[in-house]
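Colleague: I would like to learn how to read a structural model one feature at a time, with the general idea before the particular case. Could we go through it together?

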Amino acid sequence: MDAIKDLVRRMRFSHLQMLVELQQRGSVRAASEALNPSQPAVSKALGEVERAFGFELFIRGARGLKPSLKGEVVLSGAAVLMTELAHMLADAQQAGPKARTTIRLGALPF
């Protein structure tokens with residue numbers, strides 16, 4: 001349980017967003033252009049996140065970044081957390097005297 005407390009203390013939502021961008025764009029340069037911090041800042045933040053987890057999330061290569069096996073699990077979770085954060089914001093914005101109920105349906109992607 002101490003490991004999760006340490007991870008929560010060290011992680012930020014901006015880290016999750018960075019991980020999603022890195023996965024989608026495949027390079028630190030492209031992710032830094034999308035997020036606006038410098039390329040060295042994104043590289044440093046990625047190193048901090050990897051140290052927080054205790055393993056590499058991406059395999060670095062001449063053609064950019066490729067998720068490691070453990071990284072794929074983390075990246076999947078990061079995408080889910082970012083989606084849930086968006087849902088939480090939408091639900092909170094709808095709350096009030098004229099609150100509406102939102103029903104979300106999910107479907108398997110096949």
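Colleague: Let me begin with a single residue: does Glu50 count as buried or exposed?

Modeller: This is a predicted model, so every value we discuss is computed from it. Burial is judged from relative accessible area, with under 20% taken as buried. Glu50, which is found in helix α4, has 10% relative accessibility and therefore counts as buried.

Colleague: Which residues does Glu50 touch, apart from those up to four places away in sequence?

Modeller: With those set aside, Glu50 touches Phe55, Glu56, Leu57, Phe58 and Arg60. With Arg60, Glu50 also forms a salt bridge, in which the closest N and O atoms are 2.8 Å apart. Because Glu50 lies in helix α4 and Arg60 in strand β1 (residues 58–61), this pair ties together parts that are 10 residues apart in sequence. Arg60, at 43% relative accessibility, counts as partly exposed, whereas Glu50 counts as buried.

Colleague: How should I read salt bridges in general, and how many does the count come to here?

Modeller: Side chains of opposite charge can pair when their charged atoms come close. In this model the count comes to 6 salt bridges. One of them joins the side chains of Arg25 and Glu21, at 2.5 Å from N to O. These two residues are 4 residues apart in helix α2, and so they are separated by about one helical turn. Arg25 counts as partly exposed at 45% relative accessibility, while Glu21 counts as buried at 14%.

Colleague: Which salt bridge involves Asp6, and where do its two residues lie?

Modeller: The side chain of Asp6 meets that of Arg9 in a salt bridge of 2.5 Å, N to O. Both residues lie in helix α1 (residues 2–10), 3 residues apart, which is about one turn of the helix. Asp6 has a relative accessible area of 24% and is partly exposed, whereas Arg9, at 63% relative accessibility, counts as exposed. A network of salt bridges links Asp6 and Arg9 with Arg10.

Colleague: Turning to helix packing, what angle do the axes of α3 and α4 make where they cross?

Modeller: Two packed helices are described by the angle between their axes and the distance between the axes. Here, the axes of helix α3 (residues 28–35) and helix α4 (residues 39–53) come within 8 Å and cross at roughly 110 degrees. The two helices are therefore roughly perpendicular to each other.

Colleague: Which residues meet in that contact between α3 and α4?

Modeller: From α3 there are Val28, Arg29 and Ser32, and they meet Gln39, Val42 and Ser43 in α4. By residue type, this contact divides into 2 nonpolar, 3 polar and 1 charged.

Colleague: Val42 appears in that list, so what does Val42 contact beyond its neighbours within four places in sequence?

Modeller: Leaving those neighbours aside, Val42 is in contact with Met18, Leu22, Val28, Ser32 and Pro37. At 1% relative accessibility, Val42 counts as buried. A distance between C-alpha atoms gives another view: Val42 and Ala31 are 11 residues apart in sequence and 7.7 Å apart in space.

Colleague: How many residues does the largest nonpolar core have, and which elements give two or more residues to it?

Modeller: The largest nonpolar core has 20 residues, and those with the most contacts inside it are Met18, Leu19, Leu22, Leu46, Val49, Leu57 and Phe58. Two or more residues come from each of α2 (13–25), α3, α4 and α5 (69–94). To follow one residue of this group, Val49 touches Met11, His15, Met18, Leu19 and Leu57, when residues up to four places away in sequence are not counted.

Colleague: As a last case, where is Leu65 found, and which residues is it in contact with?

Modeller: Leu65 is found in strand β2 (residues 64–67), and at 15% relative accessibility Leu65 counts as buried. Apart from neighbours within four places in sequence, Leu65 is in contact with Leu22, Gly26, Ser27, Val28, Phe58, Ile59 and Arg60. The C-alpha atoms of Leu65 and Gln24, which are 41 residues apart along the chain, are separated by 10.0 Å.

Note on methods: Residues are numbered from 1 along each chain as its sequence is written. This is a predicted model: local features need pLDDT of at least 70, side-chain atom pairs count only at pLDDT 80 or more; totals for chains, interfaces and linings use all residues. Side-chain values use heavy atoms; hydrogens and water are left out. Axes are lines fitted to C-alpha atoms, for helices over the stretch in contact, and angles run from 0 to 180 degrees between N-to-C directions. Angles under 35 degrees count as roughly parallel, over 145 as roughly antiparallel, 65 to 115 as roughly perpendicular and the rest as oblique. Contact means heavy atoms within 4.5 Å. Ala, Val, Leu, Ile, Met, Phe, Trp, Tyr, Cys and Pro count as nonpolar, Asp, Glu, Lys and Arg as charged, and the others, Gly among them, as polar. A nonpolar core is a set of buried Ala, Val, Leu, Ile, Met, Phe, Trp, Tyr and Cys residues joined through side-chain atoms within 4.5 Å. Buried means under 20% relative accessible area, exposed over 50%, partly exposed in between (1.4 Å probe, protein chains only). A salt bridge is a side-chain nitrogen of Lys or Arg within 4 Å of a carboxyl oxygen of Asp or Glu.
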